[in-house]
Amino acid sequence: MQETQVAGDVHTAVKGPGKHFYIESYGCAMNFSDSEIIGSIMTDNGYTHTNDEFAADVVFLNTCAIRDNAEQTIRHRLMHLRNNKRKNSGLIIGVLGCMAERLKTKLLEEEKLVDVVAGPDAYRDLPKLVAEVEDGNKAINVLLSREETYAEISPLRLNTNGVSAFISIMRGCDNMCSFCVVPFTRGRERSRDPESILNEARILSQSGYKEITLLGQNVDSYLWFGGGPKIDFKNATEEQKANAITFDKLLEMVALVDPQMRIRFSTSHPKDISDAVLHTIVKYENICNYIHLPAQSGNSRILEAMNRTYTREWYLDKVNRIREIIPGCGISCDIISGFCSETEEEHRDTLSLMEISRFDFSYMYKYSERPGTLAQKKMTDDVPEEVKSRRLSEIILLQNRLSLENNRQYIGKVVRVLADNLSKKSDKDLSGRNDQNVKVVFPKETFSIGDFVDVLIERVTTTTLIGKAIK
Ligand code: 5AD
Ligand code: SF4
């Protein structure tokens with residue numbers, strides 16, 4: 001898994017001053033957050049960020065490998081960039097992130113699509129890798145780390161609305177869900193020093209940000225013992241346990257930084273989200289009543305094959321527990337259709353789990369076999385493509401109905417919205433999200449992006465609540 005190669009001698013000389021870099025992000029929020037860390041590393045080394053790819057000396061694609069279609073989109077983009085390079089031979093193209101980690105030398109040596117390859121734990125090396133290319137070499141670092149959290153790096157906020165920002169609190173994933181490539185592309189799970197997280201939250205608050213989202217592949221297993229090697233909580237001494245910072249404690253510490261700043265977090269694994277986290281959400285007004293709780297499937301046999309480590313009943317109990325402790329909590333879900341050997345009846349279990357859980361919204365996917373995963377090695381991707389598609393359509397249709405029904409309950413009610421953008425349809429309207437993370441659109445009038453506004457909901461669609469501000 002671990003590999004590092006830098007063609008030619010390693011150069012420490014930095015050639016950045018005066019040069020511009022452009023970065024495009026694909027995939028999950030974690031990647032968008034990583035791009036801001038990359039931005040910071042590059043600017044610290046004398047490069048200037050540009051939003052114009054044609055003004056850039058270095059173009060980075062920060063990539064996603066989670067499904068085959070994500071990789072295909074990036075591959076097309078890389079081919080397009082290679083054509084641009086014909087007109088601008090000095091252009092340096094770098095592929096970063098999960099696809100870089102998964103394919104290692106392939107895009108560089110076999111396909112000759114890029115000049116730089118850097119995996120998710122190699123971003124500190126980027127200025128050096130770019131300098132290598134300027135010297136006429138190709139450069140790659142796909143070494144995964146057990147420690148790297150980029151803790152002290154203050155992200156360069158890219159394309160920001162000045163209102164919402166991500167803070168990465170951990171990296172990697174140890175869960176080994178059988179369908180998922182992430183543990184292979186992002187390496188072992190590690191938590192970031194809480195002081196550096198709080199510092200980042202304070203800086204965001206002082207800079208006028210109104211909402212932060214704590215990010216990790218599995219935030220509920222955040223665990224900090226005060227540095228040093230990772231200890232399994234079960235094996236820790238009583239003293240270590242008493243002093244450990246678990247996710248509920250971190251959440252509380254972040255909530256206290258600025259009571260006017262909204263706190264969100266993602267993603268929660270159902271097996272790890274604790275009552276302590278739920279009670280912390282209730283305790284602090286500024287922690288949003290919203291949990292992204294991927295189920296993946298509603299059938300216990302499939303969940304076992306997916307190595308999710310919970311059953312259908314266990315998941316449903318967790319949803320009940322959330323609703324019991326946090327009445328009105330928004331819950332969203334990730335669902336995969338057509339996982340290996342899934343029968344029609346097992347698919348219907350997924351539909352019924354959705355119906356019972358009444359998710360506010362879901363991210364829904366067809367199973368895509370990923371090389372190197374447990375499912376690819378041990379199981380057969382045997383659900384025909386048209387069956388996967390039909391099941392996915394049924395899942396989407398049901399979610400649309402559930403979202404519409406949930407949204408209708410808001411009609412006639414007042415919700416508090418953080419305006420974070422102009423509406424896509426009209427610049428006379430503002431758009432934002434309520435506590436439960438549902439999108440709300442309302443006339444701008446005298447309000448501005450960054451305002452908290454109480455909005456009376458008048459009508460709804462499957463995705464949006466529409467209303468007007470009450471003064
Ligand atoms: N095929 C389809 N969807 C996948 N996901 C992860 N791996 C795969 C795969 N191989 C989905 C899961 C996860 C989300 C981020 O992506 O639902 O929660
Ligand atoms: Fe992938 Fe599972 Fe880890 Fe999420 S929890 S990143 S689905 S292995």
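**Exercise 1.** Which side chain meets that of Arg188 in a salt bridge?

*Solution.* The model examined here is predicted. In it, the side chain of Arg188 pairs with that of Asp174, with an N to O distance of 2.9 Å. The next step is to place the two residues: Arg188 belongs to the loop between α6 (182–186) and β10 (190–191), and Asp174 to the loop between β9 (170–171) and α6. The partners are 14 residues apart and link distant parts of the chain. Finally, accessibility is assigned. Arg188 has a relative accessible area of 41% and is therefore partly exposed. Asp174, at 26%, is likewise partly exposed.

**Exercise 2.** Determine whether the residues of the salt bridge between Glu36 and Arg157 are buried or exposed.

*Solution.* The closest N and O atoms of Glu36 and Arg157 are 2.8 Å apart. Glu36 lies in helix α1 (residues 29–44), whereas Arg157 lies in the loop between β7 (139–141) and β8 (164–168), so that the pair, 121 residues apart, links distant parts of the chain. The criterion for a buried residue is a relative accessible area under 20%. Glu36 has 8% and is therefore buried. Arg157 has 18%, so this residue is buried as well.

**Exercise 3.** Locate the partners of the salt bridge between Arg262 and Glu211, and then identify a salt-bridge network.

*Solution.* The closest N and O atoms of Arg262 and Glu211 are 3.7 Å apart, which falls within the 4 Å limit for a salt bridge. Arg262 is in strand β14 (residues 262–266) and Glu211 in strand β11 (residues 211–215), 51 residues apart. Both residues are buried. As to the network, Asp34, Asp121, Arg171, Arg186 and Arg190 are joined into one by salt bridges that share partners. The count of salt bridges comes to 39.

**Exercise 4.** Describe the surroundings of ligand 1, beginning with its polar contacts.

*Solution.* Two contacts involve side chains. An oxygen atom of ligand 1 is 2.6 Å from an N or O atom in the side chain of Asp334, and an oxygen atom of the ligand is 3.0 Å from an N or O atom in the side chain of Arg67. A further contact involves the backbone: a nitrogen atom of ligand 1 is 3.0 Å from a polar backbone atom of Phe179. The accessible area follows: taken alone, ligand 1 exposes 400 Å², of which the protein buries 87%. Strands β16 (330–337) and β17 (361–366) are the elements that give two or more residues to the shell. By class, the shell divides into five nonpolar, two polar and four charged residues. Among its members are Ile66, Gln296, Tyr365 and Arg370.

Conventions
Residues are numbered from 1 along each chain as its sequence is written. Chains are lettered from A and ligands numbered from 1 in the order in which they are written. This is a predicted model: local features need pLDDT of at least 70, side-chain atom pairs count only at pLDDT 80 or more; totals for chains, interfaces and linings use all residues. Side-chain values use heavy atoms; hydrogens and water are left out. A residue is near a molecule or strand if one of its heavy atoms lies within 4 Å of it. A polar contact is a pair of N or O atoms within 3.5 Å; within protein, one must be able to donate a hydrogen and the other to accept it, and residues adjacent in sequence count only if both atoms are side-chain atoms. Accessible areas come from the Shrake-Rupley method with a 1.4 Å probe; for residues, only the protein chains shown count as cover. Helices (H or I, at least four residues) and strands (E, at least two) are DSSP runs, numbered from the N terminus. Ala, Val, Leu, Ile, Met, Phe, Trp, Tyr, Cys and Pro count as nonpolar, Asp, Glu, Lys and Arg as charged, and the others, Gly among them, as polar. Buried means under 20% relative accessible area, exposed over 50%, partly exposed in between (1.4 Å probe, protein chains only).
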